[in-house]
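Trainee: I should like to go through the packing and the charged pairs of this protein.
Mentor: Please put your questions once the model is in view.
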Amino acid sequence: MAKDFVHASDDLSPASEQEYGGGVELPTTGFLVFGLISFWIYTVWSYCWILENHLVSRLEYFTRLIEVSGLSEERQGAFKTIVRRGFGFSRAPKYLCTVLYLVCGIIVVFLFLYRSFSGELEYRLELVLVAVAALLFCSASMWFLLAASRTMKNHEYHELLLLGMAHDPEGFKMVQPSDKFVRRWNAHQTRIALFLVVTIPMTVSPILAVYHSYAILGGSLEHLDLIIFGWIVLLLLFAAVFHLWGSHILISMYNGHLRIEAVNRHRMSEVRAGKASALEASAGADAIPQRTLAAIMITDMVGFSKDMESREEKTYQKLLAHNELIRRHIEANRGEEIKTMGDAFLVQFKSAVDAVRAGIGIQSDFSRYNKDKPEPEKILVRIGIHIGDVLLVGKDVIGNGVNVASRIEPLADPGGICISGDVYNVVKKSIELQVLRLDKRELKNIRDSPDLYKIVVQSVVEARTE
């Protein structure tokens, strides 16, 4: 079974947009300009697209994080409940609001064109159409704001629950939102409620205009069209305020959520860094990190866990032989055994040449050991080697050099060695090797993946026996 020697703090690299706490805040320009021109159709579709992608990317991040932690069946049920409540997205508001905005836009454009090219409508009909347009616009906007607020609030709360589950799967409990959380979202609800006040004059102003104009003029229609036009201009001013305020509320809700995520991600980093510091402190008072260049070798015994389940005692005897042989070559090539995890070794060498010679020696001896043995008694090992910067912390070694080696090792064949391009460039002039270059591939959590090579160990063994 492959072992992961990646240090606990490796997850704290700069976040991409697809990671928790790494989203990009919304700009205001597009929503203000295109939202106004399109009667908020652009605002609704863009906001829904961004929000839906945000939910999907965050869910993918937490799913990966929690899969690593491992969950009991009970916790898996809680995980599904949280996902259903906090990461679902309904498209109904988007489609219905779009229809309402579209009808509103058609009415406004019709009235403008009719007045420009065909004269005047009967004033009652014109005011009714204006009132209907205002009512549709306000109703759609209020519905969308409330739906977006509800979605964001549920998402933020359940996202925090997933964060707690990822940190402590077994100790996780469904807790109530904090007072600070409640106050923050109550403030958003208050702003939306105040925003509703603006919709009242927008909706009733056409009716009030006719009533007061007709009453003031004593039933005369003289100058009524001019007065109505003035009220419509005033209505458009209300609509402009409505547009600016509503866009601000939507953007502030989303960007505020991203800032909360960033704060929580920073706290998560501090917690992990604190755990790492505690581990380093436990190594002793002299555990001061020292940076050095080292060749890192990681070995892994193929099929060890499976064999332990079916043939425990015989597998243990194989493990003893495996450990003795590997340690013999570590010592012979001036390596330093850092740690073992069951059947896996983490070894540091001062020279890439020593590391490769140790790896070849190990595989050569295992090849001879396996000769004429039945299949269940054979010992097959994978070896990965990389040279790079590491940090020495007491008796431990951490850093990117260790991470790369841990990613390379599983790519080796059973009984084979996989090395990075950095190692190959160092050793190719000192050791005659036959290698196969692997296709370029991404290594998990490694930003710049190195070139990779497989050493054809059989050719080395045959050359030694001739």
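The discussion below takes up the nonpolar cores, a surface patch and the salt bridges.

Mentor: This is a predicted model, in which local features need pLDDT of at least 70 and side-chain atom pairs count only at pLDDT 80 or more, while totals for chains, interfaces and linings use all residues. Residues are numbered from 1 along each chain as its sequence is written, and side-chain values use heavy atoms, with hydrogens and water left out.

Trainee: Which helix gives the most to the largest nonpolar core?
Mentor: A nonpolar core is a set of buried Ala, Val, Leu, Ile, Met, Phe, Trp, Tyr and Cys residues joined through side-chain atoms within 4.5 Å; buried means under 20% relative accessible area, exposed over 50%, and partly exposed in between (1.4 Å probe, protein chains only). The largest core has 55 residues, and Tyr47, Leu162, Met165 and Leu250 have the most contacts inside it. Elements giving two or more residues to this core include helix 2 (41–69) and helix 7 (224–282); helices here are DSSP runs of H or I with at least four residues, strands are E runs of at least two, and both are numbered from the N terminus. The most, 18 residues, comes from helix 5.

Trainee: Is Phe34 buried or partly exposed?
Mentor: Phe34 has its place in helix 1. Together with Val33, Ile37 and Tyr42, Phe34 makes a nonpolar surface patch of about 390 Å²; patches take residues with over 30% relative accessible area and no salt bridge, joining like charges within 9 Å and nonpolar side chains (Val, Leu, Ile, Met, Phe, Trp, Tyr) within 5 Å, with areas from the Shrake-Rupley method, a 1.4 Å probe and only the protein chains shown as cover for residues. Because its relative accessibility is 47%, Phe34 counts as partly exposed.

Trainee: Which residues are linked with Arg328 in a network of salt bridges?
Mentor: A salt bridge is a side-chain nitrogen of Lys or Arg within 4 Å of a carboxyl oxygen of Asp or Glu. Arg368 and Asp365 form one at 2.4 Å, N to O, and both lie in helix 10 (residues 352–370), three residues apart. At 16% relative accessibility Asp365 is buried, whereas Arg368, at 44%, is partly exposed. The residues networked with Arg328 are Asp365 and Arg368.

Trainee: How many residues apart in sequence are Lys440 and Asp451?
Mentor: The side chains of Lys440 and Asp451 meet in a salt bridge of 3.7 Å, N to O. Both residues lie in the loop between strand 7 and strand 8, so the pair ties together parts whose separation in sequence is eleven residues.
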